[in-house]
Amino acid sequence: MIKPAAALLAFLALFPAASPSAQEAAAPPRGWSLAIHGGAGTLKRENMSAEQEAEYRAAMQAALDAGAKVLSEGGSAMDAVEAVIVLLEDDPKFNAGRGAVFTWDGKNELDSSIMDGSTRAAGAVAGVTTVRHPIRLARAVMEDGRHVFLSGKGAEQFATEKALEIVPPEWFPTEHRRKQLEKMKAENLAALDVEFKFGTVGAVARDSAGHLAAGTSTGGMTGKRWGRIGDSPVIGAGTWADDRACAVSATGSGEYFIRAGVAHAICARMLLAGEGVQQAADAVIADVGELGGDGGVIVVSKDGEAVFSFNTPGMYRARATSEGMNEVAIFAGE
């Protein structure tokens with residue numbers, strides 16, 4: 001007489017254990033993708049010497065390489081985004097960290113944000129004046145988890161408690177930025193008349209696990225007053241990441257990017273309307289233009305497609321992928 005347990009085992013033996021299909025077994029690891037920006041604006045060849053152009057291209061390539069190294073070694077999208085932005089925050093050619101523009105009162109007030117597409121956790125800071133790398137502070141806020149957005153002295157106290165690098169305010173100013181503020185005041189000019197570009201920096205990435213991340217960092221707008229905050233630290237305006245759709249970092253006239261909810265709007269169009277990444281980015285930048293704003297975005301889709309969209313004569317931008325793409329560009333049409 002066959003016992004019930006033995007009968008069950010004999011029955012199950014008739015159905016071999018499920019195994020991955022040949023196609024699944026042969027599938028290569030998912031590739032990584034990275035895009036970065038260093039600001040958009042009135043960037044024309046005739047306004048830039050060959051030496052200046054070469055310096056900016058080299059700076060963008062170095063930042064791109066830093067992020068690509070993280071991703072190529074199996075690192076996370078979050079780590080790659082941070083690696084890129086830390087380098088750009090230390091480069092006085094850009095309006096983030098060292099080299100940030102001056103407020104009306106002659107100070108450097110820094111804003112930053114970061115977002116993890118796998119969980120939609122986010123962190124942001126605004127108006128900090130002594131934190132060397134605001135992007136690291138934004139990430140610390142995110143990882144702490146109790147809040148999303150900190151500002152001013154409270155954000156700096158938090159940075160100290162998290163043992164982040166603190167520097168004196170004298171670390172950030174450059175003579176070039178000081179002259180921009182003086183010219184603006186003396187000639188009653190608008191910010192773009194002295195700066196020619198929105199020098200905000202940012203990065204978006206997709207890692208080999210398929211996770212997305214985005215980060216943005218800025219000194220804001222030349223001559224800003226009354227504690228003004230632009231789009232860069234505003235989650236959904238200057239930064240957004242969602243593994244279901246895309247990761248976005250923006251640079252431009254912040255008031256318009258806030259009003260259009262630029263970063264979130266791009267991902268929402270992809271997720272809800274089924275638009276392609278370039279189509280969604282172009283549509284939202286067109287909306288910004290209709291409102292009267294200028295600037296651009298970098299976007300990486302959930303499938304790793306890295307694109308740019310901007311309505312200015314140029315944008316410092318670069319992208320790289322695990323398939324071998326490696327591009328740096330400045331002017332429209334490149």
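**Exercise 1. The sheet of strands 8 to 11**

Task: Starting from the residue that stands opposite glycine 296, describe the open sheet of four strands and what lies across it.

Solution.

Step 1. Glycine 296 has phenylalanine 310 of strand 11 opposite it. The model examined here is a predicted one.

Step 2. Strand 10 covers residues 295-301, and five bridges connect strand 10 with strand 11 in an antiparallel arrangement.

Step 3. The next pairing is that of strand 9 with strand 10, which is antiparallel and has seven bridges. One residue pair to locate here is cysteine 246, which stands opposite serine 301 in strand 10.

Step 4. Strand 8 and strand 9 are also antiparallel, with four bridges. Alanine 241 has alanine 247 in strand 9 as its bridge partner. These two strands make a hairpin, and three residues lie between them.

Step 5. Put together, the pairings give an open, antiparallel sheet of four strands in the order 8-9-10-11. Strand 8 (239-242) and strand 11 (306-310) are the edge strands, each pairing on one side only. From one strand to the next, the twist averages 10°.

Step 6. Two helices remain to be placed. Helix 10 (residues 262-273) lies across strand 8, strand 9 and strand 10, and runs at about 145° to strand 9. Helix 11 (residues 277-291) lies across strand 10 and strand 11, and runs at about 20° to strand 11.

**Exercise 2. Burial of strand 9**

Task: Determine how many residues of strand 9 are buried and which residues belong to each side.

Solution.

Step 1. A residue is buried when its relative accessible area is under 20%. By this criterion, seven of the seven residues of strand 9 are buried.

Step 2. Sort the residues by face. Cys246, Val248, Ala250 and Gly252 are on one side, while Ala247, Ser249 and Thr251 are on the other.

Step 3. Both faces of strand 9 are therefore covered, since the residues on either side are all buried.

**Exercise 3. The loop residue aspartate 243**

Task: Locate aspartate 243 and list its contacts beyond its neighbours within four places in sequence.

Solution.

Step 1. Aspartate 243 is in the loop that lies between strand 8 and strand 9.

Step 2. With neighbours within four places in sequence set aside, aspartate 243 contacts Gly117, Ser118, Gly210, His211, Leu212 and Lys302.

Step 3. For tyrosine 56, 187 residues away from aspartate 243 along the chain, the C-alpha separation is 31 Å.

**Exercise 4. Helix 5 and lysine 162**

Task: Establish how many residues of helix 5 are buried, what covers them, and which residues lysine 162 touches.

Solution.

Step 1. Helix 5 runs over residues 134-144, and eight of its 11 residues are buried. They are Pro134, Ile135, Leu137, Ala138, Arg139, Ala140, Val141 and Met142.

Step 2. The cover over these residues includes helix 4 (77-89), strand 2 (110-116), strand 3 (121-128), strand 4, helix 6 (152-161) and strand 7 (212-218).

Step 3. Glycine 145, just after helix 5, has a positive phi of about 85°.

Step 4. Lysine 162 is placed in the loop between helix 6 and helix 7 (175-187). Not counting residues up to four places away in sequence, lysine 162 touches Ala140 and Asp144. Its C-alpha atom is 9.4 Å from that of valine 141, a residue 21 positions away in sequence.

Step 5. Lysine 162 is classed as partly exposed because its relative accessible area is 38%.

**Exercise 5. A surface patch**

Task: Identify the residues that form a nonpolar patch on the surface, and classify phenylalanine 149 by its accessibility.

Solution.

Step 1. The patch is formed by Val148, Phe149 and Ile229, which together have about 230 Å² of accessible area.

Step 2. Phenylalanine 149 belongs to strand 4, which comprises residues 149-151.

Step 3. The relative accessibility of phenylalanine 149 is 38%, so this residue counts as partly exposed.

**Exercise 6. A second hairpin and the whole chain**

Task: Describe the pairing of strand 12 with strand 13, then state how many helices and strands the chain has.

Solution.

Step 1. Strand 12 (residues 314-321) and strand 13 (residues 326-331) run antiparallel and are joined by five bridges. Arginine 319 has glutamate 327 in strand 13 as its bridge partner.

Step 2. Four residues lie between the strands of this hairpin, in which glycine 324 takes a positive phi near 110°.

Step 3. The chain contains 11 helices and 13 strands. Of its 334 residues, 53% are buried.

Conventions:
Residues numbered from 1 in each chain as written. Predicted model: local features only at pLDDT ≥ 70, side-chain atom pairs only at ≥ 80, totals over all residues. Heavy atoms only, no water. Patch = residues over 30% accessible without salt bridge, like charges linked within 9 Å, V, L, I, M, F, W, Y side chains within 5 Å. Areas by Shrake-Rupley, 256 points an atom, 1.4 Å probe, with all protein chains shown as cover. Salt bridge = Lys/Arg side-chain N within 4 Å of Asp/Glu carboxyl O. Buried < 20%, exposed > 50% of the residue type's maximum accessible area, 1.4 Å probe, protein only. Pairing = 2+ DSSP bridges. Axes fitted to C-alpha atoms, helices over the stretch in contact; angles between N-to-C directions. Contact = heavy atoms within 4.5 Å.
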